[in-house]
Amino acid sequence: MSKKAATVTEDELLQRRISHAQWLAGMLQDPTSTASLTVAAYADLLDELLQDVAVEAHREHRTGLLAPHGPQQQQPRPQPLVPLPGVKGATDVFGQVHPGTATDIVTCMHCGRKAQAGKFAYHLEKCLARGRGAAGGARTSRRAGVQQQLGLFRW
């Protein structure tokens, strides 16, 4: 008798599940229902997540970070370039040596003096009486010119 009662409850349980599935199918038929909108939102999230994983796996495969078989071996870190024998200073990827400051000679268009390219900006500040150190010197030379004109300047 208990076996028959258990079978009846299983049949009732199955009927309930079928009725719930039919109700859900009916809700999903309506595009404005909460169930339909929820399923659409989860589908969009799942699509984005799968696309991110696929793009990342593709990138790792193209860059060689993804091993085709088995675990990935750790790649060695790049080492700095070894200077060429007999060369002082840093070298670029082509082995050319570049000094710390530019040594090209540039002629000042204001005063005509020649200065190294690495120190030309400093010269130009002084030459045009602008910048940090030049303002005091320009003020002093103007004051000296005024004093000389007034006869106050003594040698």
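How many disulfides does the count come to? In this predicted model, the count comes to 0 disulfides.

**Cysteines**

A disulfide is a covalent bond between the sulfur atoms of two cysteines. For a pair to count here, the sulfur atoms have to lie within 2.5 Å. The sulfur of Cys108 has its closest cysteine sulfur in Cys111, and at 3.7 Å that is too far for a bond. Cys111 is in no disulfide either, as the nearest cysteine sulfur, that of Cys127, is 3.7 Å away. As for their surroundings, Cys108 is buried, at 3% relative accessibility, whereas Cys111 is partly exposed, at 40%.

**A salt bridge in α2**

Side chains of opposite charge can pair when their charged atoms come close. Searching the whole structure turns up 1 salt bridge. Its partners are Arg59 and Glu56, with the closest N and O atoms 2.9 Å apart. Both sit in helix α2 (residues 34-63), and because they are 3 residues apart, about one helical turn separates them.

Here are the relative accessibilities of the residues discussed so far:

| Residue | Relative accessible area | Class |
|---|---|---|
| Arg59 | 45% | partly exposed |
| Glu56 | 36% | partly exposed |
| Cys108 | 3% | buried |
| Cys111 | 40% | partly exposed |

**The helix itself**

What span should the 30 residues of α2 have at 1.5 Å a residue? The expected value is 44 Å, and the end C-alpha atoms of α2 are 44 Å apart, so the two agree. After α2 comes Gly64, which has a positive phi, near 85°.

Conventions. Residues are numbered from 1 along each chain as its sequence is written. This is a predicted model: local features need pLDDT of at least 70, side-chain atom pairs count only at pLDDT 80 or more; totals for chains, interfaces and linings use all residues. Side-chain values use heavy atoms; hydrogens and water are left out. A salt bridge is a side-chain nitrogen of Lys or Arg within 4 Å of a carboxyl oxygen of Asp or Glu. Helices (H or I, at least four residues) and strands (E, at least two) are DSSP runs, numbered from the N terminus. Buried means under 20% relative accessible area, exposed over 50%, partly exposed in between (1.4 Å probe, protein chains only). The expected span of a helix is 1.5 Å times one less than its number of residues.
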